[in-house]
Amino acid sequence: MNIIQKEIIIEQKQRGFHIVTEEILRQIPEIKDITKGTAHIFIQHTSASLTINENADPEVRSDFEKHFNKLAPEIAPYYDHNSEGSDDMPAHLKSSILGSSVIVPVTRGEFNLGTWQGIYLCEHRNHGGRRRLIVTITGE
Amino acid sequence: MNIIQKEIIIEQKQRGFHIVTEEILRQIPEIKDITKGTAHIFIQHTSASLTINENADPEVRSDFEKHFNKLAPEIAPYYDHNSEGSDDMPAHLKSSILGSSVIVPVTRGEFNLGTWQGIYLCEHRNHGGRRRLIVTITGE
Amino acid sequence: MNIIQKEIIIEQKQRGFHIVTEEILRQIPEIKDITKGTAHIFIQHTSASLTINENADPEVRSDFEKHFNKLAPEIAPYYDHNSEGSDDMPAHLKSSILGSSVIVPVTRGEFNLGTWQGIYLCEHRNHGGRRRLIVTITGE
């Protein structure tokens, strides 16, 4: 059994949903040595999140952005936490609905995703900046 | 430390929420050898998902189906991704709200779930077919 | 590689969202021996949940309570599962939207959370009682 842990950076993205599978993989070449295991990918922020969804039609991602703006709207009359901008409280809500980590099986040195699956970085702020991830791969 | 990884199949289910704890366990008898650890159960699809919830009253599962159809309705006026049917875009949204994996503690050869907990397969398509899961058990 | 598994208790909380990072850490001093790994924190209940979000302004947590009461309201006309009180079915829904576990990277004997991140216990019942968690730390 082996464990690899690494801090990696995802470059700044526009508000919305972005496929980052390759941007992550480029930064963890050590995955090649893992025959079977899991990769835990964790975002160290509370206004951006990670999820797994369709890696093909870009309209899926833009529909995600529109739908999550309905699920957690800006300027709801009952928000008290407004000091960091109208995009801040919805960003916190979206982060918890989607989650701060994904875990992907690793098989023969690669993410063992389904044919249509990709890892999304979900940027919920208008100006979110670079995002820091901690990747922990456990396996043999 | 030991790691067991296995691809298993969940037989086709109707659209809705289904308890699959036993259907999973039947396919991973190796769990008996793990004294303490975790089981990562991952679905390789983007229009079905996994969650943990009440394993008793079937009305909980039918209420889930009704409520998630409100949270991610069919034929929202702002969906652009319509080509695969009106149940497709809501299926993607529900998958990310609920998640593509659950992780369950394993103790003395069994899932260490609470008394009222079961693993749900959440089938979001009208005709979803069989679903492929990757189970990775890490422990000793 | 080492694995530590422990059942811990979170004392009864009011309905709402509560930071429990320290209450968890106090009960797992063994984490000090883990240089790199992950901690899986699992709640054995279906009407309370765990998430990671902002650890500073308490208004974020009260806004969460208000917003989740909109996402899964009490006494929706289509709920059939009513026998355990009007807060019960929404509690099940919120639990699955937020999730029954969080996984946190562990680095040099500590949770490797971002500066603004804390672990929330999300108590969805009016009188939820003490909550049982299973913590599994895998690492070296």
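**Salt bridges in a predicted model**

At 29% relative accessibility, C:E74 counts as partly exposed, and this residue belongs to a model that is predicted.

Me: Which residue does C:E74 meet in a salt bridge?
Reply: C:E74 sits in the loop between α2 (58–71) and α3 (88–98) of chain C, and its partner lies 59 residues apart from it, in the loop between β1 (2–10) and β2 (16–19), so that the pair links distant parts of the chain. The partner is itself partly exposed, with a relative accessible area of 22%. The two side chains come to 2.6 Å, N to O, and the partner is C:R15.

Me: Which residues are joined with A:R15 into one network?
Reply: In chain A, the network arises from salt bridges that share partners. The residues that join A:R15 in this way are A:E65 and A:E74.

Me: Are B:R131 and B:E123 buried or exposed?
Reply: These two residues form a salt bridge, with their closest N and O atoms 2.9 Å apart. A residue counts as buried when its relative accessible area is under 20%. For B:R131 and B:E123 the description that applies to both is buried.

Me: Which residue of chain A forms a salt bridge with B:D80?
Reply: B:D80 lies in the loop between α2 (58–71) and α3 (88–98) of chain B, while its partner lies in helix α2 (residues 58–71) of chain A, so the pair joins two chains. B:D80 counts as partly exposed at 42% relative accessibility, and the partner counts as partly exposed at 28%. The closest N and O atoms are 2.7 Å apart, and the partner is A:K66.

How values were computed:
Residues numbered from 1 in each chain as written. Chains lettered and ligands numbered in written order. Predicted model: local features only at pLDDT ≥ 70, side-chain atom pairs only at ≥ 80, totals over all residues. Heavy atoms only, no water. Salt bridge = Lys/Arg side-chain N within 4 Å of Asp/Glu carboxyl O. Helix = DSSP H or I, 4+ residues; strand = E, 2+ residues; numbered from the N terminus. Buried < 20%, exposed > 50% of the residue type's maximum accessible area, 1.4 Å probe, protein only.
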